[in-house]
Amino acid sequence: KSGFTFLIRERVVDLHIEELMKDHSGMSAGQIIAHQLSVFEKEMDKAYLDRLNRITFIHGIGSGVLRSSIREALKRFDNISFSDAPVEKFGNGATQIDFK
């Protein structure tokens with residue numbers, strides 16, 4: 001048994017609009033999604049720079065627009081894999097991304 005402990009460097013980002021902004025009452029659904037995707041992009045860039053092993057985005061269930069937009073955006077990233085995050089930890093509305 002090795003004497004090394006490997007720490008998984010990870011971050012969890014909640015993309016629910018209520019978590020990202022104090023007041024979103026004047027925003028359309030399209031503006032909300034655009035803001036959430038902008039936060040997603042910034043957090044992915046930051047995860048690469050911080051050399052994280054994993055990042056999990058909580059997007060909720062809703063109509064599935066944010067989840068599908070995230071998964072579509074993930075197709076253009078290299079050296080990652082993604083899947084539904086563990087249901088027991090995050091419920092049904094989260095995507096886990098592992099950096100290779």
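# Reading a helix face and a ring cluster

Guide: Let's start with helix H3, keeping in mind that this is a predicted model. In H3, the buried residues are Leu66, Ile70, Arg71, Ala73 and Leu74.

Visitor: Where do those buried residues sit around the axis of H3?

Guide: First, the general idea. An α-helix makes a turn every 3.6 residues, so residues three or four places apart point the same way. Now the case here: the buried residues of H3 cover an arc of only 160 degrees around the axis, so they lie on the same side of the helix.

Visitor: And what do the buried residues of H3 pack against?

Guide: They pack against H2, S3 and S4.

Visitor: Let's turn to rings. How many aromatic pairs does the structure hold?

Guide: It holds three. Take Tyr48 and Phe77 as one of them: the ring centres are 6.1 Å apart and the planes meet at 20 degrees. Planes under 30 degrees apart count as stacked, so this pair is stacked.

Visitor: Which parts of the chain does the Tyr48 and Phe77 pair link?

Guide: Distant ones. Tyr48 is in helix H2 (residues 29–49), while Phe77 is in the loop between helix H3 (65–74) and strand S3 (80–84), and the two are 29 residues apart.

Visitor: Is Tyr48 buried or exposed?

Guide: In between, as it happens: Tyr48 is partly exposed, because its relative accessible area is 34%. Phe77 has a value of 15%, so that residue is buried.

Visitor: What kind of pair do Tyr48 and Phe99 form?

Guide: An edge-to-face one, with 5.0 Å from centre to centre and 70 degrees between the planes. This pair also links distant parts of the chain: Tyr48 in helix H2 and Phe99 in strand S4 (residues 94–99), 51 residues apart. Phe99 counts as buried because its relative accessibility is 14%.

Visitor: Which residues do the ring pairs link into a cluster?

Guide: Tyr48, Phe77 and Phe99.

Visitor: One last spot: where is Thr56?

Guide: Look in strand S2 (residues 54–58). Thr56 has a relative accessible area of 1%, so it is buried.

Visitor: Which residues does Thr56 touch?

Guide: Leave out residues up to four places away in sequence, and Thr56 touches Arg11, Val12, Val13, Ala85, Phe90, Ala94, Thr95 and Gln96.

Terms used:
Residues are numbered from 1 along each chain as its sequence is written. This is a predicted model: local features need pLDDT of at least 70, side-chain atom pairs count only at pLDDT 80 or more; totals for chains, interfaces and linings use all residues. Side-chain values use heavy atoms; hydrogens and water are left out. Rings of Phe, Tyr and Trp (its six-membered ring) pair if their centres lie within 6.5 Å; planes under 30 degrees apart count as stacked, over 60 as edge-to-face and the rest as tilted. Helices (H or I, at least four residues) and strands (E, at least two) are DSSP runs, numbered from the N terminus. Buried means under 20% relative accessible area, exposed over 50%, partly exposed in between (1.4 Å probe, protein chains only). Contact means heavy atoms within 4.5 Å. The arc is that of the directions from the helix axis to the C-beta atoms.
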